[in-house]
Amino acid sequence: MIRFIAALMLWALASPAAADVVVTFYGKDGDLRLNRFVSPHAYVVLEGRLDSGEPVLRRASFGAAGGGGVEALMRSGPGQLTDYTGSEAPEGKAYLSIRISDAAFYDLTKRMDWWATPAGNLYNVYNRNCVGFVADVAQRLGLRTPRADTWSPNGFLESMVAMNPPGSVPGLLPGPVPFQGIGADPVAPAVSSAAPTM
């Protein structure tokens, strides 16, 4: 019996890890810092492991090319998909998390990358901004979204949470998963009754 248990444990360690990629939607307040306006922002974090055991950590957002100041944000023109590097915790508040399959991960990353192509990288403050990007990602995962023509990422995400109660979409977790960092295996969080802050 001991040999059987030892063999089973070795097999489990040698087998590829189960897919466990979680997509979390974040919103960040805007404010004034040292007399400089920092605009509100929305982005997504994909983290966990694929079926192969390969770790996943991608944080992405969309905005005006070059970042610019208020004048760049208030126009239509080239956009920019930004992938943040490193494993530092993202700024802002996590609003909603959904666990996805490998197939959904590859489909989603392909769609996210489209936002960096000439066909997808047009920025417009009213409907092709960070909120539009997050809405596109959410819809790709089967989530219901409010109208994306808003300047309030937090307001958009609060409404999206209300439109997608736990259990309404396959893989939707009961609350947002806290950032784990590269190589960690996300776990489903306890349900939080705390209301998101703006």
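Is D20 buried or exposed? D20 is buried, at a relative accessible area of 15%, and its side chain forms a salt bridge with that of R99. Bear in mind that this is a predicted model. The chain has five helices and eight strands, with a six-stranded open sheet and a helix, α4, lying across four strands, β1, β4, β5 and β6.

**Overall layout**

- From start to end, the elements run α-β-β-β-β-β-α-β-β-α-β-α-α.
- The chain has 198 residues, and 41% of them count as buried.
- Take the contacts between residues at least 6 apart in sequence: 64% of them join residues at least 24 apart.
- The accessible surface adds up to about 10500 Å², and carbon and sulfur atoms account for 61% of that.

**The sheet**

- Reading across the open sheet, the order is β7-β1-β4-β5-β6-β8, with antiparallel pairing.
- β7 and β8 (122-124) sit at the edges, each pairing on one side only.
- On average, neighbouring strands in this sheet are turned by 30° against each other, ignoring direction.
- β1 and β4 share nine bridges, again in the antiparallel sense.
- Within that pairing, T24 stands opposite V45 in β4.
- As general background, strands of a sheet pair through backbone hydrogen bonds, in either a parallel or an antiparallel way.

**S97 in strand β7**

- S97 lies in β7 and is buried, with a relative accessible area of 0%.
- Its side chain makes a polar contact with the side chain of T24, at 2.7 Å.
- Leaving out residues up to four places away in sequence, S97 touches V22, V23 and T24, along with G171, L172, L173, G175, P176 and V177.

**Helix α4 and what covers it**

- α4 (residues 130-140) is mostly covered, with nine of its eleven residues buried.
- The buried set is C130, V131, G132, F133, V134, A135, D136, V137 and A138.
- R140, also in α4, is partly exposed instead, at a relative accessible area of 40%.
- The cover over the buried residues includes the strands β1, β4 (41-49), β5 and β6 (76-84), plus the helices α3 and α5 (153-163).
- α4 lies across β1, β4, β5 and β6, and runs at about 35° to β4.
- At the N-terminal end, N129 acts as the cap: one of its side-chain oxygens lies 2.9 Å from the backbone nitrogen of V131.
- Just past the helix, G142 takes a positive phi of about 85°.

**Salt bridges**

- There are six salt bridges in the structure, three of which are picked out below.
- Some general context: side chains of opposite charge can pair when their charged atoms come close.
- R99 to D20: the side chains meet at 2.0 Å, N to O. This pair links distant parts of the chain, 79 residues apart, with R99 in β7 (residues 93-100) and D20 in β1 (residues 20-28). While D20 is buried, R99 counts as partly exposed because its relative accessibility is 25%.
- R58 to D113: the side chains meet at 2.6 Å, N to O. Here the partners are 55 residues apart, with R58 in strand β5 (residues 55-64) and D113 in helix α3 (residues 102-114). R58 counts as buried at 15% relative accessibility, whereas D113, at 38%, is partly exposed.
- The R58 and D113 pair also belongs to a salt-bridge network that takes in D83.
- D107 to R140: the side chains meet at 3.2 Å, N to O. D107 sits in α3 and R140 in α4, so this bridge ties together parts 33 residues apart in sequence. D107 is partly exposed, with 33% relative accessibility, and R140 is partly exposed at 40%.

**Putting it together**

- Strand β1 turns up in several places: D20 in β1 is bridged to R99 in β7, β1 pairs with β4, and β1 is part of the cover over α4.
- Helix α3 likewise has more than one link: D113 in α3 pairs with R58 in β5, D107 in α3 pairs with R140 in α4, and α3 helps cover the buried residues of α4.

Terms used. Residues numbered from 1 in each chain as written. Predicted model: local features only at pLDDT ≥ 70, side-chain atom pairs only at ≥ 80, totals over all residues. Heavy atoms only, no water. Helix = DSSP H or I, 4+ residues; strand = E, 2+ residues; numbered from the N terminus. Buried < 20%, exposed > 50% of the residue type's maximum accessible area, 1.4 Å probe, protein only. Contact = heavy atoms within 4.5 Å. Areas by Shrake-Rupley, 256 points an atom, 1.4 Å probe, with all protein chains shown as cover. Salt bridge = Lys/Arg side-chain N within 4 Å of Asp/Glu carboxyl O. Polar contact = N/O pair within 3.5 Å; in protein donor to acceptor, adjacent residues only side chain to side chain. Pairing = 2+ DSSP bridges. Axes fitted to C-alpha atoms, helices over the stretch in contact; angles between N-to-C directions.
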